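Me: I am new to this structure and would be grateful for a close look at one part of it, the surroundings of a single side chain. Please then place that part within the rest of the model.

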Amino acid sequence: MKTVIFFAAGAEPLDRLELEGAAVVGDLLAVVKERGIDVAELLIFKEDDDEPLEHHHPLHGHDHPVFHAHRCRKVDVTVHYKTEAFKHKFAPSATIAKVTRWAVEKAGLGKEEAEEHVLQIHGSRVQPPQNAHLGSFTGESCAVVFDLVRKKLVQG
């Protein structure tokens, strides 16, 4: 029996991998190494989990088998909203949706108003998808800066 997982390393898009049924994190690292990625400092996180997994941790049996590999244990996040800036550390496997929920709470936005806001990479017009991993936007650093902005509404 195969274990099917979805995996992203740094800024790479999610890739579907099939591993042997009893696959563990160490097996995943071996597959990644075969693809030419330096795994010496690579940490494997389950999506939205705060701590990396041990090498002996099984990859099968997860309801949502999405994993993210990154060299950073934590990502320093700064979110600008109006005249304020909020800072927090997240795992690189945190989804943009998770960071957005935190940011709208810090900004004190009500539920309705919160749904009208998204994160945007500071100094750009790039609004990452809600299911993207935070580690995909760190570049060489272990930090990322966002602006919390109102969604662009399409008028019909």
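Reply: **Val 99 and its surroundings**

In this predicted model, Val 99 is in contact with Val 77, Phe 90, Ala 94, Leu 119 and Leu 134, when its neighbours within four places in sequence are left aside. A second, separate core has 17 residues, among them Phe 7, Ala 9, Val 32 and Ile 44.

Val 99 itself belongs to the largest nonpolar core, which has 22 residues. Within this core, the residues that touch the most other members are Val 77, Val 79, Val 99, Leu 119, Leu 134, Phe 146 and Leu 148. Two or more residues each come from strand 5, strand 6, helix 2 (96-106), strand 7 and strand 8. The element that gives the most is helix 2, with 5 residues. As a general background, nonpolar side chains in soluble globular proteins tend to be buried together.

The strands that contribute to this core also form a sheet. It is open, has 4 strands in the order 6-5-8-7, and its pairing is mixed. Strand 6 (84-90) and strand 7 (117-121) are the edge strands, each pairing on one side only. On average, and with direction ignored, neighbouring strands of this sheet are turned by 30° against each other. At one end of the order, strand 7 is joined to strand 8 (residues 143-150) by 5 bridges, and the two run antiparallel. One residue pair shows this link: Gln 120 has Asp 147 in strand 8 as its bridge partner.

The loop between strand 5 (75-81) and strand 6 holds Lys 82. Its phi is near 55°, a positive value in a residue other than glycine. Lys 82 counts as exposed because its relative accessibility is 72%, and the cut-off for that class is over 50%.

A disulfide also reaches this part of the chain. The structure holds 1 disulfide, formed by Cys 72 and Cys 142 with their sulfur atoms 1.9 Å apart. It links distant parts of the chain: Cys 72 is in the loop between strand 4 and strand 5, and Cys 142 is in the loop between strand 7 and strand 8, 70 residues apart. The torsion about the S-S bond of Cys 72 and Cys 142 is about -80°, and therefore the disulfide is left-handed. Cys 72 counts as buried, because its relative accessibility is 5%. Cys 142, at 33% relative accessibility, counts as partly exposed.

There is also another open sheet. Its 4 strands stand in the order 2-1-4-3, with mixed pairing. Strand 2 (15-20) and strand 3 are at the edges and have a single partner strand each, so one side of each is left without a neighbour in the sheet. Here, neighbouring strands are turned by 35° against each other on average, direction ignored. Strand 1 (residues 2-9) and strand 4 run parallel and are joined by 4 bridges. One such link involves Phe 6, whose bridge partner in strand 4 is Val 66.

The loop between strand 3 (43-46) and strand 4 (66-70) contains Asp 48. The phi of Asp 48 is near 70°, again a positive value in a residue other than glycine. With a relative accessibility of 26%, Asp 48 counts as partly exposed.

Methods. Residues numbered from 1 in each chain as written. Predicted model: local features only at pLDDT ≥ 70, side-chain atom pairs only at ≥ 80, totals over all residues. Heavy atoms only, no water. Pairing = 2+ DSSP bridges. Axes fitted to C-alpha atoms, helices over the stretch in contact; angles between N-to-C directions. Buried < 20%, exposed > 50% of the residue type's maximum accessible area, 1.4 Å probe, protein only. Disulfide = S-S within 2.5 Å. Core = buried A, V, L, I, M, F, W, Y, C linked by side-chain atoms within 4.5 Å. Contact = heavy atoms within 4.5 Å.
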